[in-house]
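Here are my notes on the model you sent round. Please read them with the structure open.

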Amino acid sequence: MRIYDKIFIAYSPIQLLSAVTLCTADSLVITPRPIASKTLYNVNCLASFRYISIPSFSSPFHRKVYSLLYILSLFPRHSCVTLYSPSASHYFVQLLVSRLAFKHLYFIDEGNISLSMIRHSHLPDIHNSSIFVRALMALAGVRIGKDPLDDKFSAYYVHHLSAFVKCTGVNTAYQLPSCSNIILRRSMFNIPTSKSVVIVVTSPLTENNWVNFPGQEIDLIDKYIRALQERHDVSIYLKLHYRETVQKYSRFLSDNPSVVVLDSEYPLQLILAELSSLNAVSLVGFHSSALFCSEDVSSIVSLSNLINTPTCSLLAKGLEPFMDYFPQFSFATSKLSTS
């Protein structure tokens, strides 16, 4: 069995980019093929790759079962000196970890672990995991952590070091290197430097049944943008969640032809790395950790407080402590409420 220097598990674009910044020629990256093919477009990466399906909590049941059986029966065992894992509470990540031999276990940030940890301390679990999958994991002898950091990590590589240390008290944490040096597609934007940019980061609230009525999040985005355009000359972009389709926003885009839809597979961190050096950038959204993915933005606005469902109210409450970490963060005015 070959022993790698490093093995990375990456199930999102930003994790994959973080792995690329840390990998060596003697590294293996375990990731879904669709994410790698789009995220690493035209990037020269030294590592080897092993492609695998890593389902999320919202993935179809049959995909979860297929992935579980494949990892248990067909996924080859690998060995390394250092394993970089993005979560101790993700069922399928932990299943993969159980199939790997390693000397050192390091944590690698999936986007904003500080936000996740604050939410864990303030909110109940809102993701209803499959009882069947949990039972199979137990039978397989796989330990699932209470939160993403609930494992024997000896080092932590994170995006916002000061916020992470303040939130967790961990003293073996390190700042992840910037991935702006591997920006994939130059000339994506053609915006005068004098013009401000607003990126709306969407969330699948209707799909999760976290709204008062279907499409409520779209109504709020529409009202916010119209109010903003009445006061400022801005370029507005829409960054869709990977579980959403452009068709969901077809009427909104028809009513707002100046709004440009960004590639949902292209990491927001790289978009901001390219834009923030030229323009003042603001982020608008609901509760996504992507809102806090960069400190190089002029403002961050959450609309979650305008949806008075139990889940969105909890999520908005969980965002309040982040005013202590991100002074540019605020909630939208209640004048926009559609409930």
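The points below take the sheets, then the helices and cores, then the cysteines.

1. This is a predicted model, and the comments should be read on that footing. Chain numbering starts from 1 as the sequence is written.

2. One open sheet has 7 strands in the order β3-β2-β1-β4-β5-β6-β7, with parallel pairing. Its edges are β3 (48-51) and β7 (173-175). Each of these has a single partner strand, so one side of each is left without a neighbour in the sheet. From one strand to the next the twist averages 30°.

3. Within that sheet, β4 (residues 78-85) and β5 run parallel and are joined by 7 bridges. Two places are useful for checking the register: L83 stands opposite L105 in β5, and Y84 has Y106 of β5 as its bridge partner. Between β4 and β5 the chain passes through α4, and this β-α-β crossover is right-handed. On to β6, the count is 3 bridges from β5, again with the two strands parallel; here I108 has Y157 in β6 as its bridge partner.

4. The connecting helix α4 (residues 91-98) is mostly covered, with 7 of its 8 residues buried. The buried residues are Y91, F92, V93, Q94, L95, L96 and V97. Q94 is on that list too, and its surroundings may merit a look.

5. Helix α1 lies across β1 (3-9), β2 (27-31), β3, β4, β5 and β6. Its direction is at about 110° to β5.

6. A second open sheet is built from 6 strands, ordered β10-β9-β8-β11-β12-β13 and paired in parallel. Its edge strands, β10 (260-262) and β13 (329-331), each pair on one side only. The twist averages 25° from one strand to the next. Strand β12 (residues 299-302) runs parallel to β13 and is joined to it by 3 bridges, with S302 standing opposite F331 in β13. Helix α10 packs on this sheet and touches β8, β9 (234-239), β10 and β11; the helix direction makes about 175° with that of β8.

7. Which residues touch the most other members of the largest nonpolar core? They are F8, I199, L268, L272, L283 and F292, in a core of 44 residues. At least two core residues come from each of α1 (13-22), α2 (33-39), β5 (100-108), α5 (113-122), β6 (155-158), β8 (196-201), α10 (268-275) and β11 (281-285). Another core lies apart from this one; it has 35 residues, including L68, V142, L149 and F164.

8. L283 can be followed further. Beyond its neighbours within four places in sequence, L283 is in contact with I199, V201, L268, L272, A290, L291, V297, S299, I300 and V301. Among these partners, I199, L268 and L272 are also named with L283 as residues touching the most other core members.

9. How many disulfides does a search of the whole structure find? The search returns 0. For C23, the nearest cysteine sulfur is that of C45, 3.9 Å away. A disulfide is counted when the two sulfur atoms are within 2.5 Å, and C23 is in no disulfide. C23 counts as buried because its relative accessibility is 12%, the cut-off being under 20%. C80 is also buried, with a relative accessible area of 2%.

Methods: This is a predicted model: local features need pLDDT of at least 70, side-chain atom pairs count only at pLDDT 80 or more; totals for chains, interfaces and linings use all residues. Side-chain values use heavy atoms; hydrogens and water are left out. Buried means under 20% relative accessible area, exposed over 50%, partly exposed in between (1.4 Å probe, protein chains only). Helices (H or I, at least four residues) and strands (E, at least two) are DSSP runs, numbered from the N terminus. A nonpolar core is a set of buried Ala, Val, Leu, Ile, Met, Phe, Trp, Tyr and Cys residues joined through side-chain atoms within 4.5 Å. Contact means heavy atoms within 4.5 Å. Two strands pair if DSSP finds at least two bridges between them. Axes are lines fitted to C-alpha atoms, for helices over the stretch in contact, and angles run from 0 to 180 degrees between N-to-C directions. A crossover is right-handed if, with the strands pointing away from the viewer, the path from the first strand over the helix to the second runs clockwise.
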